Amino acid sequence: MGSHVSDNDPEVIEKAKERHLKGKTKSHFPEEAPGWDEALASDSEAVVKAERSNPKSIKEMQDQTVECLHDEMEEESDKVGKSSEPNS
């Protein structure tokens, strides 16, 4: 495990940075830290953020996780669709 959530992968960091600069960062902690991106955080920052966040019910956490995963899947499928389109 790396010292950062991104495992110091330059591609992951660059993608997260681009999302953030475009204002498309979807924070896992929207109430406490809008725009906070876990991919740009160190492991210890992510742990502290999770520990200090407002406790939610299991159902709320599950729903939030499913929503985040769906957003990530949509983002990936959009990238795949764009890369397979013929150049005009």
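## Salt bridges

A salt bridge joins the side chains of Asp63 and Lys59, with an N to O distance of 3.0 Å. In this predicted model, the two residues stand four places apart in helix H3, which covers residues 58-84, so about one helical turn separates them. The two partners fall into separate accessibility classes: Asp63 is partly exposed, at a relative accessible area of 38%, whereas Lys59 is exposed, at 53%. Lys59 is classed as exposed because its value is over 50%.

How many salt bridges does the model contain by this rule? The count is two. Besides the pair in H3, the side chains of Lys17 and Glu14 form a salt bridge, at 3.8 Å from N to O. Lys17 and Glu14 lie three residues apart in helix H1, and therefore about one helical turn lies between them. Lys17 is partly exposed, with 41% relative accessible area, and Glu14 is also partly exposed, at 36%. As a general point, side chains of opposite charge can pair when their charged atoms come close.

## Overall architecture

The protein chain contains three helices and zero strands. Read from the N terminus, its elements follow the order α-α-α. Helix H1 spans residues 10-21 and helix H2 spans residues 43-52, while helix H3 takes in residues 58-84.

The protein chain has 88 residues, of which 18% count as buried. Its accessible surface amounts to about 6900 Å², and carbon and sulfur atoms contribute 54% of that surface. Among contacts in the protein chain with a separation of 6 or more, 50% involve residues 24 or more positions apart.

## Helix H1 and its ends

H1 has twelve residues, and at 1.5 Å a residue it should span 16 Å. The C-alpha atoms at its ends are 16 Å apart, so the modelled length agrees with the expected one.

What caps the N-terminal end of H1? The cap is Asp9, which has a side-chain oxygen 2.9 Å from the backbone nitrogen of Glu11. Beyond the helix, H1 is followed by Gly23, which has a positive phi near 75°. The salt bridge between Lys17 and Glu14 also belongs to this helix.

## The segment before H1 and its contacts

Val5 belongs to the segment that precedes H1 and is partly exposed, with a relative accessible area of 33%. Which residues does Val5 contact, apart from its neighbours within four places in sequence? They are Glu38, Ala39, Ala41, Ser42, Asp43 and Ala46. One of these partners, Ala46, is 41 residues away from Val5 along the chain, yet the C-alpha atoms of the two are separated by 7.7 Å.

Asp7 is likewise found in the segment before H1; its relative accessible area of 48% makes Asp7 partly exposed. Between Asp7 and Ser42 the sequence separation is 35 residues, and the C-alpha to C-alpha distance is 9.0 Å. A further pair is formed by His4 and Glu45, which are 41 residues apart in sequence and 8.8 Å apart in space, C-alpha to C-alpha. Glu45 is located in helix H2 and is partly exposed, at 45% relative accessibility.

## Ser42

Ser42 occupies the loop between helix H1 and helix H2. Is Ser42 buried or exposed? Ser42 is buried, because its relative accessibility of 12% is under the 20% cut-off.

Apart from neighbours within four places in sequence, Ser42 is in contact with Ser3, His4 and Val5. The contact with Val5 appears from the other side as well, since Ser42 is listed among the partners of Val5.

## Confidence

The mean pLDDT of the protein chain is 76, and 77% of the residues score at least 70. Where does confidence reach its highest and lowest values in the protein chain? Confidence is highest in H2, at a mean of 83, and lowest in H3, at 79. Where pLDDT is low, the predicted coordinates should not be read in detail.

How values were computed:
Residues are numbered from 1 along each chain as its sequence is written. This is a predicted model: local features need pLDDT of at least 70, side-chain atom pairs count only at pLDDT 80 or more; totals for chains, interfaces and linings use all residues. Side-chain values use heavy atoms; hydrogens and water are left out. Buried means under 20% relative accessible area, exposed over 50%, partly exposed in between (1.4 Å probe, protein chains only). Contact means heavy atoms within 4.5 Å. A salt bridge is a side-chain nitrogen of Lys or Arg within 4 Å of a carboxyl oxygen of Asp or Glu. Accessible areas come from the Shrake-Rupley method with a 1.4 Å probe; for residues, only the protein chains shown count as cover. The expected span of a helix is 1.5 Å times one less than its number of residues. A polar contact is a pair of N or O atoms within 3.5 Å; within protein, one must be able to donate a hydrogen and the other to accept it, and residues adjacent in sequence count only if both atoms are side-chain atoms. pLDDT is the predictor's confidence in each residue, from 0 to 100.
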